[in-house]
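Reader: I'm new to this structure and would rather look hard at one piece than skim everything. Please pick a single part, take me through it closely, and then show me what lies around it.

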Amino acid sequence: MAEFLRANEAKLLDRWYEIVFSTVRGRSAADDLRAELADLYGLIVRVMSGTDESAFGELRAALAELSRSRARSGFSPSETAVAVFGLKDAVYEVVADAAEMVHEYLTFARMIDDLGLSTFEAYAAAREEIITQQAEAMLELSTPVVRLWDGIIAVPLVGTLDSARTQLVMEKMLDALVTTEARHAVIDITGVPTVDTEVAQHLLKTVMAARLLGAQCTICGIRPQIAHTIVSLGIEFGDITTKATLADALAHALHGAGLKVGPA
Amino acid sequence: MDELLIESGDDVVRVRQRVRAVAADSGLSLVDQTKLVTAASELARNALIHGGGGTARVELATSAAGRAGIRVTFSDSGPGIADVDLALTDGWTTGDGLGLGLSGARRLVDEFELVSKPGQGTSVAVAKWSR
Amino acid sequence: MERVPILRIGPTLFVSIQIDLQDQSVLQLQEDLADQLVATRATGVIIDITAVEIVDSFIGRMLATIGSISRLFDAETVLVGMRPAVAITLVELGLSLDTVRTALNAEQGLRLLNGSS
């Protein structure tokens, strides 16, 4: 089969290119596509000849890379797999009448099938990676720490407070306490949709961490709706001061710092 | 792969230092390094005090999902733990059932495996992976 | 075994933990501090852990015990310089160290002891 592929390379490559190009619909540049297919063709021939140990590994790697770049360009995984299967069609058109090639063709076809399936797996893995990266980026963006005044920082929380976000909040808040030498942190939970016992425990952890660095915490942004939930769940904030608004919390922190705001 | 003997208080410090050195090169964040070394310190001390001495094995490893990290395994041939479930009851505010600091150490790591039987010693393997 | 030095400046005792402490050293520190509190009648203790990278449950409990012992001698203890990574780990372990006060650094710690905020 390897011989056959080598001997008919020009014809088969052209036909394969035609088949794939018709599905691409302008999303790939013609030259790039042709070069990609030529590379794959070469690798497939090497694998089929059975003499090259590293060829199979290289072929899988090349296909994985192809899947990843196509995933990023918005191709569906079937489109990528179909592109690989296209070579089967191209070869079949030529060997259809050659009875002596049947056995070899079947082996070849099975290998191409496996390779096509592997592109699906690589595609899925690439998408997973993108999703994870986006989730991390979102996490970073939604955890700012701001300096409200000398010695007072604010940590506005937006979104659900799960353990991943709690870790990030604690790290950023503590680093800010060290850099600004703040002694007061206001944690604003206006943007936290629900406060259940788990969220309350995360908040408690955050307050405890700040205290270990000598800072007092005030929790603000408790909406009327969640106030009821908090009480009925029996959640107690103990000696942590809680206020309704950021303004109240700031006034409280200023008072704690021995400062007063008045008319000029 | 390192194997360290735990036979004295100084050895507990040595285990801490070794885990910290390996962790620093493994791509773990500073907080994750601190958590792992702290867990290792708890477990090394357990092996010394409750296990009558033991060993610690520190090795670079890869998680099932392909992330690089570290695995540390503590073994001792002490009396073993009769009620493993009790020892591992997670009480964040009250500590675990037997005061062994096991539930705390478990919270600090990504993987935690404890094998123990009375009269057969204890083996605890913990792992922390990079994100 | 390393012995942690205790400095006295006025009514305050200063302890700076610079190295990875063995359990025995921490226990010795507890004893030495108790002796010093009685001998000097100091009213404040500042324990600087800026250089400490690991505080596990044993060391954490020892620090809390130092706080309780000091209180018996009518002295207040302030733990200063805790690293963020250490704080996060201690919180995860569930240790709140209620018997000691905390501050970012020795300067703020002194201000706490002297009553100004």
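Author: Two strands pair if DSSP finds at least two bridges between them. Strands themselves are DSSP runs of type E with at least two residues, while helices are runs of H or I with at least four, and both are numbered from the N terminus. Before we dig in: this is a predicted model, where local features need pLDDT of at least 70, side-chain atom pairs count only at pLDDT 80 or more, and totals for chains, interfaces and linings use all residues. Residues are numbered from 1 along each chain as its sequence is written, chains are lettered from A and ligands numbered from 1 in the order in which they are written, and side-chain values use heavy atoms, leaving out hydrogens and water.

So, let's pick strand S3 of chain A, residues 184-191. Of its 8 residues, 6 are buried (under 20% relative accessible area, with a 1.4 Å probe and protein chains only), so the rest of the structure largely encloses S3(A).

What does S3(A) pair with? One partner is strand S2 of chain A (residues 152-158), which runs parallel to S3(A) and is joined to it by 6 bridges. Here A:His184 sits opposite A:Ile152. Strand S4 of chain A (residues 216-220) is also parallel to S3(A), with 5 bridges between them; A:Ile187 has A:Ile219 as its bridge partner there.

Now the helices. S2(A), helix H7 (residues 163-180) and S3(A) form a right-handed β-α-β unit. Right-handed means that, with the strands pointing away from you, the path from the first strand over the helix to the second runs clockwise. S3(A) then begins another right-handed β-α-β unit, with helix H8 (residues 197-212) and S4(A).

Just look at the loop between H7 and S3 of chain A, and you'll find A:Glu181. Its phi is positive, about 55 degrees, even though A:Glu181 isn't a glycine. Most residues other than glycine have a negative phi. A:Glu181 has 44% relative accessibility, so it counts as partly exposed (between 20% and 50%).

Finally, a step outward to chain C. Contact (heavy atoms within 4.5 Å) involves 18 residues of chain A and 16 of chain C. The two chains have 1 salt bridge between them, meaning a Lys or Arg side-chain nitrogen within 4 Å of an Asp or Glu carboxyl oxygen. That's A:Lys205 with C:Glu92, at 2.9 Å from N to O.
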